[in-house]
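Please open the model in a viewer and keep a selection panel at hand. The tour below proceeds by selections, each followed by an account of what is found there.

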Amino acid sequence: MVKVTLDNVKLLVDIDREPKFSPSKTTVADILTKDALEFIVLLHRTFNERRKQLLKNRQTVQKKLDSGNYSLNFLPETENIRNDPTWQGAIPAPGMINRSSEITGPPLRNMLVNALNSEVNTYMTDFEDSASPTWENCIYGQVNLYDAIRDQVNFKTPRKEYKLKAPISELPTLIVRPRGWHMVDKHLLVDDEPISASIMDFGLYFYHNAFALLKIGKGPYFYLPKMEHHLEAKLWNDIFNVAQDYIGMPRGTIRATVLIETLPAAFQMEEIIYQLRYHSSGLNCGRWDYIFSTIKRLRNLPGHVLPNRDLVTMTSPFMDAYVKRLINTCHRRGVHAMGGMAAQIPIKDDPKANEAAMAKVRNDKIRELTNGHDGSWVAHPALAPICNEVFSNMGTANQIHYVPETTVTASDLTNTKIEGAEVTVAGIVQNLDIGLQYMEAWLRGSGCVPINNLMEDAATAEVSRCQLYQWVTHKVKLSDTGEQVTPALTKRILEEQVAKLSAASPLGDKNKFALAAKYFLPEITGEKFSEFLTTLLYDEIVTAKSAPTDLAKL
């Protein structure tokens, strides 16, 4: 094991810097203690080379797919894992037996209080796709969670009082989603390179709160995003074991739900549960990210062009196959199979439109219940009663006992043929509108953005970008005008949308639509393709100072 030391570790922001408004008595220094920093530095030094190699492996797969001579399939080298009926995942942990309704959102203090007061079973507090990773968001997310677990998160603003309705032990179970393996945090350098954002988010939360969570009858629980291979799950499992050993906590105390939100991971669901089996609390259908990943990985193959985003639904062949395989796999292995996000938010000024939106949510949750999911996600507290009502029909805390019959082949998982498929000018405009609005808000530090009565996060902006790249690359013919999607066309409509959105912005000339468009343009004209928008934009929100703090002096 790597020796614990803070030599050659530098923090590029002032450890004592406070935000404009901080209602907490907990400070950044209380989170970035010498002991906590030694812990995350140890994890980074021990595991970062493996992390970087696994990211390189993703690009090896991409090159094979781009060649046109390779197809994703179930791994022959892990056939023994899939065929062995004897192994099981971990039994549900305290506070994780009934997960029929889960709410998600970033660890902003007001959102955290609102989510914990919601009528849900669990709350995934999110450092990833719904949180713009500014230093303030990340470090004060840790402060807010630290306070919430200790029943000291209540606060007042000039306009409103935020107060938990009960002790934290009686409120929804916290599940933390750290940033994915592809992200780093450039505010903290270890051996002259940025620390893994996954390790930083996980490590600070776990180190400070693991035993406190046990005291309230819960535990250190996590959602793991964007993995593409079962060895990436093994990396998490090894980190969990080292972390638990380090603080003297029994192995298996940590529990993790994996979001199956990448196409390659859909071929390795059983292997992913197997790698995490003593820590596994199931899999989740990350629907928007899964669509994004499917386009991303198959983007250069003309036979897999997807139509307007509104036509890509959960009943599309490739989506339906992935859902059914996930539920069957999870229940055979004794763990939860969680449904996807209802992104709708209440439409307060239009009762008829609101009724239609809520009916859409209800039907989506009924589909998930009928398929065999054990619970589902909502983006807004107002949707929780619908989710609760639908999933109460299970009659039990979960339906892990129900193993639906299904046969899903490799070709089913990549069957992107959609009836009535079309690409239209309106589809281009919609993608540009959502992408620009989300990117502009993200650049200003907001990763959870209401757009057109939906709560959007990074995944939906990624779908926008990938679809536009795909349509330009394959010279798709528009169904309504008959013209071809070209770089000139997407550039012209982008400029029109920037002008329209800038003119309507309440920020006036302080909006960031032009900056968002600068990064968006090469992606939607086929000039380049970035793995993630969030890493593409990240340097714009880094606030590191030029004079670093040498943490060895702590």
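The model is a predicted one. Begin by selecting residues 184-190, strand β7, together with residues 193-196, strand β8: the two pair in the antiparallel sense over 4 bridges. Within this pair, V190 has E193 of β8 as its bridge partner.

Next, centre the view on the turn of this hairpin, where 2 residues lie between the strands and D191 takes a positive phi near 55 degrees. D191 belongs to the loop between β7 and β8, and the sign of its phi deserves a pause, as D191 is not a glycine. Most residues other than glycine have a negative phi. With a relative accessible area of 34%, D191 is partly exposed.

**The sheet around the hairpin**

Extend the selection to the sheet that contains the hairpin. Its 4 strands follow the order β8-β7-β1-β16, the sheet is open, and the pairing is antiparallel. The edges are occupied by β8 and β16 (549-550); each has a single partner strand, so one side of each is left without a neighbour in the sheet.

Now select residues 9-11, strand β1, which runs antiparallel to β7 and is joined to it by 3 bridges. V9 has V190 of β7 as its bridge partner. V190 is thus a convenient residue to keep highlighted, given its pairing with V9 and with E193.

Add helix α2, residues 34-67, which packs on the sheet and touches β1, β7 and β8. The direction of α2 makes about 100 degrees with that of β8. Then add helix α6, residues 197-215, which also packs on the sheet, touching β7 and β8. Between the directions of α6 and β8 the angle is about 50 degrees.

**From α2 to α7**

Keep α2 on display and select helix α7, residues 230-247. The axes of α2 and α7 come within 10 Å and cross at roughly 170 degrees. The two helices are therefore roughly antiparallel to each other, since an angle over 145 degrees counts as such.

Show the side chains at this contact. From α2, select E38, F39, L42, L43, F47, R50, R51, L54 and R58; from α7, select L231, E232, K234, L235, D238, I239, V242, A243 and Y246. Colouring by class gives 11 nonpolar, no polar and 7 charged residues in the contact of α2 with α7.

**Strand β9 and its partner**

Move to residues 221-224, strand β9. Y221 and Y223 point one way from β9, while F222 and L224 point the other way. Which of these side chains are buried? Y221, F222, Y223 and L224 are all buried. In a regular strand the side chains alternate between the two faces of the sheet.

Add residues 255-260, strand β10, which pairs with β9 in the parallel sense over 4 bridges. F222 has A256 of β10 as its bridge partner.

**Three individual residues**

Select Y538, in the loop between α19 (533-537) and β16. Is Y538 buried or exposed? At a relative accessible area of 4%, Y538 is buried, the cut-off for that class being under 20%. Beyond its neighbours within four places in sequence, Y538 is in contact with P133, V184, D185, K186, H187 and W442. For V184, the separation from Y538 is 354 residues in sequence and 9.4 Å in space, C-alpha to C-alpha.

Turn to N453, in the loop between β14 (449-451) and β15 (454-456). N453 has a positive phi of about 65 degrees, although it is not a glycine. Its relative accessibility of 39% places N453 among the partly exposed residues.

Then select P302, in the loop between α10 (287-297) and α11 (317-332). P302 is exposed, with a relative accessible area of 63%. A distance drawn from P302 to A516 reads 28 Å, C-alpha to C-alpha, for residues 214 apart in sequence.

**The whole chain**

Finally, display the full chain, which has 19 helices and 16 strands. The C-alpha trace spans about 65 × 60 × 50 Å along its principal axes. The radius of gyration is 23 Å, in agreement with the value near 24 Å for a compact globule of 554 residues. Buried residues account for 60% of the 554 residues. Of the contacts between residues at least 6 apart in sequence, 80% join residues at least 24 apart.

Definitions and conventions:
Residues are numbered from 1 along each chain as its sequence is written. This is a predicted model: local features need pLDDT of at least 70, side-chain atom pairs count only at pLDDT 80 or more; totals for chains, interfaces and linings use all residues. Side-chain values use heavy atoms; hydrogens and water are left out. Two strands pair if DSSP finds at least two bridges between them. Contact means heavy atoms within 4.5 Å. Axes are lines fitted to C-alpha atoms, for helices over the stretch in contact, and angles run from 0 to 180 degrees between N-to-C directions. Angles under 35 degrees count as roughly parallel, over 145 as roughly antiparallel, 65 to 115 as roughly perpendicular and the rest as oblique. Ala, Val, Leu, Ile, Met, Phe, Trp, Tyr, Cys and Pro count as nonpolar, Asp, Glu, Lys and Arg as charged, and the others, Gly among them, as polar. The radius of gyration is taken over C-alpha atoms; the globule rule is 2.2 Å times the number of residues to the power 0.38. Buried means under 20% relative accessible area, exposed over 50%, partly exposed in between (1.4 Å probe, protein chains only).
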